[in-house]
Amino acid sequence: VKIGESTYSKEVIAIDYNHIPDQQLVRNNAAQVVKPNLKNKATTVAYINGAGDDVATAIEAIGSKVFRFEPSEVPSDLSKYDAVVVGIRAFNVAPTQMAALQERIDLYVKNGGTLMMQYNTSRRIDPDALGPLSITLSRKRVTDENAAVTLLEPNHAVLNTPNKITSADFEN
C-alpha cells in the first residue's frame with residue numbers, strides 16, 4: 001500500500017501463547033483488491049448469531065445496516081428487515097431458541113421476506129425444523145478448493161437476481 005510518500009509492504013503477526021515468550025513475525029505482505037460489480041438491495045439485515053463468524057461484518061462492508069441478535073433476542077416483527085441471515089450453526093448451538101423462532105422465520109418468508117441460512121450440521125437436528133422449505137443435511141464436505149461447482153438450477157431467481165451467480169464466481 002502506498003499512502004502519500006510512504007510504502008507499506010510488511011505485515012506483523014503476533015504470536016502469543018502462554019507457554020512461550022511473546023514473539024512477532026514480520027513478513028512480506030500481499031493483497032488482491034477486487035471491486036465486484038455488486039448490487040445490494042438489502043438496506044437492513046437482521047443477523048441471528050450462531051457459533052461465531054465475520055459474516056455480519058462482511059454484510060456491512062457491502063452497504064447494509066446490520067442488526068445483530070442472539071437467538072433469544074430476535075424481535076417479534078421481522079418485516080422491517082430486507083433480509084434475515086441465520087448465523088453459522090445457529091440451530092446447533094441454540095436449538096431451543098432457534099426452534100422457538102421458527103414460526104416467526106417461516107411467516108417472514110411466507111410474507112415475501114428474504115432468508116439466508118448459513119450451514120448447520122446434521123447432528124441432533126430435525127431438518128424439517130430448519131426453515132420454510134424442505135432440506136437435506138449431511139456431513140459431507142468439499143475439501144478440494146479447486147473442485148468444480150455445478151449449479152443445479154442455474155435459472156433460479158436466487159442465482160440471477162439481483163446479481164447473476166455463475167460457476168465463474170467460485171474461481172480463485
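Two strands are taken to pair if DSSP finds at least two bridges between them. That criterion opens the way into this predicted model, whose open sheet has four strands in the order β6-β5-β7-β8, with parallel pairing. The edge strands are β6 (65-69) and β8, each of which pairs on one side only. From one strand to the next, the twist averages 20°.

The pairing of β5 with β6 can be followed residue by residue. These two strands run parallel and are joined by five bridges. One of the residues involved is T44, whose bridge partner in β6 is K65.

Beside K65 in the sequence stands S64, which belongs to the loop between α1 (55-61) and β6. S64 counts as buried because its relative accessibility is 7%, and the cut-off for that class is under 20%. The side chain of S64 reaches the backbone oxygen of A42 at a distance of 2.4 Å. Beyond its neighbours within four places in sequence, S64 is in contact with N40, A42, T43, V45 and I59.

The nonpolar interior comes next. The largest nonpolar core has 17 residues, and those with the most contacts inside it are I48, L78, V86, M98 and I105. Two or more residues of this core are contributed by each of β5 (44-48), β7 (83-86), α2 (90-93) and α3 (95-110). The largest share, four residues, comes from α3. M98 shows how such a residue is surrounded: leaving aside its neighbours within four places in sequence, M98 is in contact with I48, P71, V86, A90, F91 and I105. A second core, separate from this one, has eight residues, among them A56, I59, V66 and A83. I59, one of the residues of the second core, is also a contact of S64.

A further polar site involves N163, found in the segment after β8 (114-117). With a relative accessible area of 18%, N163 lies under the 20% cut-off and is therefore buried. A polar atom of the N163 side chain lies 2.7 Å from the backbone nitrogen of K39. Apart from its neighbours within four places in sequence, N163 is in contact with N37, L38 and K39.

Considered together, the two buried polar residues each approach the backbone through the side chain: S64 reaches the backbone oxygen of A42, while N163 has a side-chain polar atom at 2.7 Å from the backbone nitrogen of K39.

Technical notes:
Residues are numbered from 1 along each chain as its sequence is written. This is a predicted model: local features need pLDDT of at least 70, side-chain atom pairs count only at pLDDT 80 or more; totals for chains, interfaces and linings use all residues. Side-chain values use heavy atoms; hydrogens and water are left out. Buried means under 20% relative accessible area, exposed over 50%, partly exposed in between (1.4 Å probe, protein chains only). A polar contact is a pair of N or O atoms within 3.5 Å; within protein, one must be able to donate a hydrogen and the other to accept it, and residues adjacent in sequence count only if both atoms are side-chain atoms. Contact means heavy atoms within 4.5 Å. A nonpolar core is a set of buried Ala, Val, Leu, Ile, Met, Phe, Trp, Tyr and Cys residues joined through side-chain atoms within 4.5 Å. Axes are lines fitted to C-alpha atoms, for helices over the stretch in contact, and angles run from 0 to 180 degrees between N-to-C directions.
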